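The following exercises guide a new reader through a single protein chain. Each begins with a task and continues with a solution in steps.

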Amino acid sequence: MGGTAAGRTAVKGGLWRRALARIVPRSLPKAGAAAFEDLEERLIAADFGVGASMRFVEAVEEAVRAGGAGDGEGLRRVLADSIRGVFAGDAGGGLAVADAAPAVYLVVGVNGVGKTTTVGKIAHRLVSEGKSVIVAAADTYRAGAIGQLERWAERAGAGFVGGEPGGDPAAVAYDALGAAAARGTDVVLVDTAGRLHTHGDLMRELAKVERVIGRRHGGAPHETLLVLDATVGQNGLVQAREFSRFVTVTGIVLAKMDSTARGGIVVALREELGIPVRLVGVGEGPEDLEPFDADDFVRGILEAP
């Protein structure tokens, strides 16, 4: 991998911001019903949610009526402050820290969203930060899933615990926690099989995995991360609601944020469901996963394309 880590992050962040920058026009008009209607439509189309979009535009309109926003740049600052306010009080991106090792992160999501790849990227990031990591292949159903995760673990320099194809996913998670305790490992990442949120039996099985983890290690899982494809828009809200019925979703990982102008879903997830976005995928490489940063997100929306 060429270049410095900071340089690579700047490049990937640039891709993310260029995608987001298509949401709001650079020359935000100072007044006019048609212009405000256009802005509201842009925000809704970018998956901010109807309620939030209307509120943001109302804040801009109010600034115009009050005469205190000045020029178009002033109005953009009003819009930025309104969006940033959704994330007020959030601790920022990144993952929860456990009081006692290991920290356990359970990764869930629908079929084909990229959970196994995301687990590999998280492992790579944690190992690069100096942490010891075990990844657990609790996806025992999909052909090739165990081998795929083992390759990611090797690539990241992480340990690996897998079960037999068709075996009990909860047993794999249990064994991984035992291995982590024996080795003094810092973090356990538990990959799970993709499942449609409409499949009740599979969702209840996922709840069992979460319960077994909690019984094996008090306070765990410290994060239950739902992986969503940023390009699916409002369907991501449906998935988050349904998964939250069976497991305690504490954070979102949004994949493909570098290739969508519909990134407003982070606002809808935070405002409508109270679930913060922890990490965003900005490419396909092992290093292409970044903590979500609200200020960076707002800068991206208001930056020129």
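**Exercise 1.** Determine which residues of helix α2 are buried and how they are arranged around the axis.

*Solution.* In this predicted model, the buried residues of α2 are F36, L39 and L43. The next step is to look around the axis: these residues cover an arc of only 60 degrees, which puts them on the same side of α2. The face turned away from that buried side carries the exposed residues A33, A34 and A45. As for length, α2 spans residues 33-45, 13 residues in total, and reaches 18 Å from its first C-alpha to its last, close to the 18 Å expected at 1.5 Å a residue. After α2 comes D47, with a positive phi near 75 degrees.

**Exercise 2.** Carry out the same analysis for helix α6 and state what covers its buried residues.

*Solution.* Helix α6 consists of twelve residues, 145-156. From first C-alpha to last it reaches 17 Å, close to the 16 Å expected at 1.5 Å a residue. Its buried residues are A145, I146, L149, W152, A153 and A156. Seen down the axis, they fall within an arc of 125 degrees, so they line one face of α6. The covering of this face includes α5 (115-128), β2 (133-138), β3 (159-162) and β4 (187-192). On the other side of the helix, R151, E154 and R155 are exposed. R155 also takes part in an interaction with a ring: its charged end sits over the ring of W152, 5.0 Å from the centre. G157 follows α6 and has a positive phi, near 80 degrees.

**Exercise 3.** Identify the buried residues of helix α9 and the elements against which they pack.

*Solution.* Helix α9 covers residues 235-244, and its buried residues are G236, L237, Q239, A240 and F243. They occupy an arc of only 160 degrees around the axis, which puts them on the same side of α9. The elements they pack against are β1, α8 (200-216), β5 (223-229) and α10 (265-273).

**Exercise 4.** Classify the ring pairs that F297 forms with F48 and with F87.

*Solution.* A pair of aromatic rings is described by the distance of the centres and the angle of the planes. The number of aromatic pairs comes to five. For F48 and F297, the centres are 6.4 Å apart and the planes stand at 35 degrees, so the pair is tilted. F48 belongs to the loop between α2 and α3 (50-66), while F297 belongs to helix α11 (residues 294-302); the pair thus links distant parts of the chain, 249 residues apart. Both F48 and F297 are buried.

For F87 and F297, the centres lie 6.1 Å apart and the planes meet at 80 degrees; since an angle over 60 degrees counts as edge-to-face, the pair is edge-to-face. This pair also links distant parts of the chain, as F87 is in the loop between α4 (72-85) and β1 (103-108), 210 residues from F297. F87 is buried, as is F297. The final step is to join the pairs: they link F48, F56, F87, F292 and F297 into a cluster.

**Exercise 5.** Place I83 within the largest nonpolar core.

*Solution.* The largest nonpolar core has 90 residues, and I83, L189, L254, V267 and F297 touch the most other members. Helix α7 (residues 169-183) gives the largest share of this core, seven residues. With residues up to four places away in sequence left out, I83 touches F48, F56, V267, F297, V298 and I301.

**Exercise 6.** Is V107 buried or exposed, and which residues are in contact with it?

*Solution.* V107 is located in strand β1. Its relative accessibility is 1%; buried means under 20%, so V107 counts as buried. Apart from neighbours within four places in sequence, its contacts are K115, V119, V190, D191, T192, L225 and V227. A193 is 86 residues from V107 in sequence, and their C-alpha atoms are 9.3 Å apart.

**Exercise 7.** State how much of the protein is buried and what share of its contacts joins residues 24 or more positions apart.

*Solution.* Of the 305 residues, 51% count as buried. Among contacts with a separation of 6 or more, residues 24 or more positions apart account for 76%. The protein has eleven helices and eight strands.

Technical notes: Residues are numbered from 1 along each chain as its sequence is written. This is a predicted model: local features need pLDDT of at least 70, side-chain atom pairs count only at pLDDT 80 or more; totals for chains, interfaces and linings use all residues. Side-chain values use heavy atoms; hydrogens and water are left out. Helices (H or I, at least four residues) and strands (E, at least two) are DSSP runs, numbered from the N terminus. The expected span of a helix is 1.5 Å times one less than its number of residues. Buried means under 20% relative accessible area, exposed over 50%, partly exposed in between (1.4 Å probe, protein chains only). The arc is that of the directions from the helix axis to the C-beta atoms. Rings of Phe, Tyr and Trp (its six-membered ring) pair if their centres lie within 6.5 Å; planes under 30 degrees apart count as stacked, over 60 as edge-to-face and the rest as tilted. A charge sits over a ring if NZ of Lys or CZ of Arg is within 6 Å of the ring centre and within 35 degrees of the ring normal. A nonpolar core is a set of buried Ala, Val, Leu, Ile, Met, Phe, Trp, Tyr and Cys residues joined through side-chain atoms within 4.5 Å. Contact means heavy atoms within 4.5 Å.
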